[in-house]
Amino acid sequence: MGLGKTIQTICLLAAIKEGRLTAARGVRGPHLVVMPTSLLFNWEQELARFAPDIRVHIYSGSERSLDAKDGDVVLTTYGIARRDIEPLEQMPFHVIVFDEAQAVKNILADTTGAVRRLKGRFKIALTGTPLENHLGENFSVIALCVPGLLGE
């Protein structure tokens, strides 16, 4: 949508890697970015362009493995996250980014249920379309990042 959400998020991840955020110092684990399949290449390119010191791991394809280290960024899709939620939920992530988070606006959908099981110290939902049909969609996106904030 051209609002700069991707570059702002990359700046945050780069600041964490460089130790510029006091709240993030000493926190361990890779970061995870979950997105629609069509954005995988874009995220990979933008990270290489704006944060070349961050190692990027693509968790996609038939030979995928979780071999990321502290400060690395793992890129995956909502479909892969749904299918591979068991190994993904075992890995503690530092920051989890949900790009185009309207993809998980249906609180009853399998994909939404799967990504809600991911464990991260901090979660970010990026969307230019938080609400399309009813307030429950907004609730689902907010509850993904801050469970319990809006109640049950």
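Two strands count as paired here if DSSP finds at least two bridges between them. Keep that cut-off at hand for these exercises on a predicted model.

**Exercise 1. Work out how strand 4 and strand 5 pair, and place them in the sheet.**

*Solution.* Begin with the bridges: 6 of them join strand 4 to strand 5, and the two strands run parallel. One facing pair is D99 with L126 of strand 5. Next, widen the view to the open sheet, where 5 strands follow the order 2-3-1-4-5 with parallel pairing. Its edges are strand 2 and strand 5 (120-126), each pairing on one side only. From one strand to the next, the twist averages 20°.

**Exercise 2. Describe the surroundings of strand 1, using V33 as a guide.**

*Solution.* Take the strand-3 side first: 5 bridges join strand 1 to strand 3, in parallel, and V33 has L75 as its bridge partner there. On to strand 4: strand 1 pairs with it over 3 bridges, again in the parallel sense, and V33 stands opposite V97.

Now look at the side chains. In a regular strand they alternate between the two faces of the sheet. Here H31, V33 and M35 point one way, L32 and V34 point the other, and all are buried. Because 5 of the 5 residues of strand 1 are buried, the strand is largely enclosed by the rest of the structure.

**Exercise 3. Find which helices lie across strand 4.**

*Solution.* Helix 1 (residues 5-17) lies across strand 1 (31-35), strand 3 (73-77), strand 4 and strand 5, and runs at about 175° to strand 4. Helix 6 (residues 135-145) lies across strand 4 and strand 5, at about 155° to strand 5.

**Exercise 4. What does the side chain of D99 make a polar contact with, and how far away is the nearest opposite charge?**

*Solution.* Locate the residue first: D99 is in strand 4 (residues 93-99). Then test for a salt bridge, which needs a charged pair within 4 Å. D99 is buried but has none, since K5, the nearest side chain of opposite charge, is 5.9 Å away. A polar contact of 2.7 Å does link the side chains of D99 and W43. Beyond its close sequence neighbours, D99 also touches residues including T6, V34, Y78 and L126.

**Exercise 5. Is I54 buried or exposed?**

*Solution.* I54 sits in the loop between helix 2 (40-50) and strand 2 (56-58). Its relative accessibility is 7%, so I54 counts as buried. Setting aside neighbours within four places in sequence, its contacts are L13, A14, K17, G71 and V73.

Methods. Residues numbered from 1 in each chain as written. Predicted model: local features only at pLDDT ≥ 70, side-chain atom pairs only at ≥ 80, totals over all residues. Heavy atoms only, no water. Helix = DSSP H or I, 4+ residues; strand = E, 2+ residues; numbered from the N terminus. Buried < 20%, exposed > 50% of the residue type's maximum accessible area, 1.4 Å probe, protein only. Lys, Arg positive; Asp, Glu negative; His and termini not counted. Polar contact = N/O pair within 3.5 Å; in protein donor to acceptor, adjacent residues only side chain to side chain. Contact = heavy atoms within 4.5 Å. Axes fitted to C-alpha atoms, helices over the stretch in contact; angles between N-to-C directions.
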